[in-house]
Amino acid sequence: MRKFDGFDFMMTDSLLSEEEKLVRDTVRAFCEEEAMPKFMEHYEKGTFPTELIEPMAKLGIFGATINGYGCAGVNNVSYGLMMQELERCDSGLRSFASVQSGLVMYPLLMFGSDAQKDHWLPKMQKGEALGCFGLTEPDYGSNPGGMITTAVDDGDSYVLNGTKMWITNGVMADVAIIWAKVDDVVHGFLVEAGTPGYEARSVTHKLSMRASDTAELILNDCRIPKSNLMPGVSGLSSALKCLTQARYGIAWGVLGAAMDCLHEALEYSKDRVQFSKPIGGYQLTQQKLADMCTELTLGQLLCMQLGRLKDDDRMTFAQVSMAKRNNVRKALEIARKARGILGANGISGEYHSMRHMCNLETVETYEGTYEIHTLVLGAELTGIPAYDN
Ligand SMILES: Cc1cc2nc3c(=O)[nH]c(=O)nc-3n(C[C@H](O)[C@H](O)[C@H](O)COP(=O)(O)OP(=O)(O)OC[C@H]3O[C@@H](n4cnc5c(N)ncnc54)[C@H](O)[C@@H]3O)c2cc1C
């Protein structure tokens, strides 16, 4: 297959600085040389490639946009390009980095005490400590405000009870950010692995995100020191701000999965001969390829503007909802079309499109489902929320 050299139909490279291109190309080279060759095996086994954590840390991927604590301090467009390249390998690899950066290091930076930041952020940047973000519960996903996990004030500690479900990096994590209610108000707590009453169990039998660590977190009279409360949290909105960070990374990330699928399908269509000529020479295939390339290009332009707005501190959560919702749906459609163009080979692990397609089913659900982002946009446009909090 011809080497991947990017899809840039609208010459969006001209919108990138030299530094942004260097960041992208460096992460791309790492993924092609070290990550991609081993991912299918991990996907089949249902394991996460922990050996990639240290090299990712050395590339400055964790907490990349943070200034200080040893972090790279790159801009948000560079961060988005990092997510794109990681997800060109696998959504599980991007999810790992998204959670560590957007859902653990970001809340620590925004809402943590100085002692919490000084203790965790440098280790997390180096990949020496891993974190997870426990918001979803078995009965509360789209509506996290209904959560039933509680923290009870007891002298110099809090005692936590409840269950968190579908938590990325949960088994590997050295610390979990647990969102729990104290007297009906949501707060964020740091629960360290090994604390009595805290257990992380692997979620098995997944048909999507197989190379990602997904866990159920059980809190059973789990006692933590009061100093483990994140003091800057002000209710559920603080948790939702973290999700805006992570969704920004998703909007960019899925472009990578879509690029990999389009590249694979395009190259295959030029080689695979049926009837008298390559299948890429037939109009029906060309229509699919034209649609795939167009949607990818629109997604690239959307992310580029979103990133510039974020770097300018003007990005809104509704804009992120639009980008997450549309880019994931379009990436999923691209993956499905690619799988079809590959025919029977498309279901083989020798090719990547079906793995991307299965992963993207999760990406469409997590961090706000397609439907929930539709309602966010509906509320933004009309001023009338269609859901109750
Ligand atoms: C692999 C994986 C990793 C994850 N990682 C994390 C993590 O690290 N941390 C974390 O906290 N969570 C995580 N999640 C959980 C994820 O965020 C939730 O699954 C998601 O928010 C949806 O919640 P739910 O699954 O309970 O679906 P539900 O909320 O039960 O929704 C089911 C369906 O109903 C629809 N629906 C719900 N409400 C409405 C409405 N008002 N109108 C119309 N339709 C509606 C939804 O769109 C969906 O189609 C992860 C999930 C997966 C699969």
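Visitor: Is Gly256 buried or exposed?
Guide: Gly256 belongs to helix 6, which covers residues 236–271; helices here are DSSP runs of H or I with at least four residues, strands are runs of E with at least two, and both are numbered from the N terminus. A residue counts as buried under 20% relative accessible area, as exposed over 50%, and as partly exposed in between, using a 1.4 Å probe and protein chains only. Because its relative accessible area is 0%, Gly256 is buried.

Visitor: Which pLDDT do side-chain atom pairs need in order to count?
Guide: Residues are numbered from 1 along each chain as its sequence is written, and side-chain values use heavy atoms, leaving out hydrogens and water. The model is predicted: totals for chains, interfaces and linings use all residues, local features need pLDDT of at least 70, and side-chain atom pairs count only at pLDDT 80 or more.

Visitor: How far is the C-alpha of Gly256 from that of Leu86?
Guide: The two residues are 170 positions apart in sequence. In space, the C-alpha to C-alpha distance between Gly256 and Leu86 is 7.3 Å.

Visitor: How many disulfides does the structure hold?
Guide: A disulfide is a covalent bond between the sulfur atoms of two cysteines. The cut-off applied here is a pair of cysteine sulfur atoms within 2.5 Å. By that criterion, the number of disulfides in the structure is zero.

Visitor: Which cysteine has the sulfur nearest to that of Cys242, a residue in no disulfide?
Guide: Cys242 is buried, with a relative accessible area of 0%. The nearest cysteine sulfur is 13 Å away and belongs to Cys132.

Visitor: Why is the sulfur of Cys358 not bonded to that of Cys261?
Guide: Cys261 carries the cysteine sulfur closest to that of Cys358. No bond is possible because the two sulfur atoms are too far apart, at 11 Å.

Visitor: In which pocket does the ligand sit?
Guide: On a 1 Å grid over the protein atoms alone, a pocket is an open set of points with protein on both sides within 12 Å along at least five of seven lines. A molecule sits in a pocket if more than half of its atoms lie within 2 Å of the grid points of that pocket. Under these criteria, the ligand sits in the largest pocket.

Visitor: Which residues come nearest to the ligand?
Guide: A residue is taken as near if one of its heavy atoms lies within 4 Å of the molecule. Strand 3 (157–168), helix 9 (353–365) and helix 10 (370–382) each supply at least two residues of the surrounding shell. Of the 16 residues around the ligand, those that come nearest are Thr136, Ser142, Trp166, Thr369 and Glu371.

Visitor: What percentage of the ligand's area does the protein bury?
Guide: An oxygen atom of the ligand is 3.0 Å from a polar backbone atom of Leu135. Polar side-chain atoms also approach: one of Thr136 lies 2.7 Å from a ligand nitrogen atom, and one of Glu371 lies 2.7 Å from a ligand oxygen atom. Taken alone the ligand exposes 980 Å², and the protein buries 66% of that.

Visitor: With which residue does the side chain of His373 make a polar contact?
Guide: His373 is found in helix 10 and is buried, with a relative accessible area of 0%. A polar contact is a pair of N or O atoms within 3.5 Å; within protein, one must be able to donate a hydrogen and the other to accept it, and residues adjacent in sequence count only if both atoms are side-chain atoms. At 2.8 Å, the side chain of His373 contacts the side chain of Ser321.

Visitor: What is the relative accessible area of Glu367?
Guide: Glu367 lies in the loop between helix 9 and helix 10. Although not a glycine, Glu367 has a positive phi of about 60°. This residue is buried, with a relative accessible area of 15%.

Visitor: What is the relative accessible area of Tyr69?
Guide: Tyr69 is located in the loop between helix 2 (53–58) and helix 3 (76–89). Its phi is positive, about 60°, although Tyr69 is not a glycine. Tyr69 is partly exposed, with a relative accessible area of 28%.

Visitor: With which residue does the side chain of Glu54 make a polar contact?
Guide: Glu54 is placed in helix 2 and counts as partly exposed at 49% relative accessibility. At 2.8 Å, its side chain makes a polar contact with the side chain of Lys58.

How values were computed
Areas by Shrake-Rupley, 256 points an atom, 1.4 Å probe, with all protein chains shown as cover. 1 Å grid on protein atoms, 1.4 Å probe; cavity = no way out; pocket = protein on both sides within 12 Å on 5 of 7 lines; lining within 4 Å.
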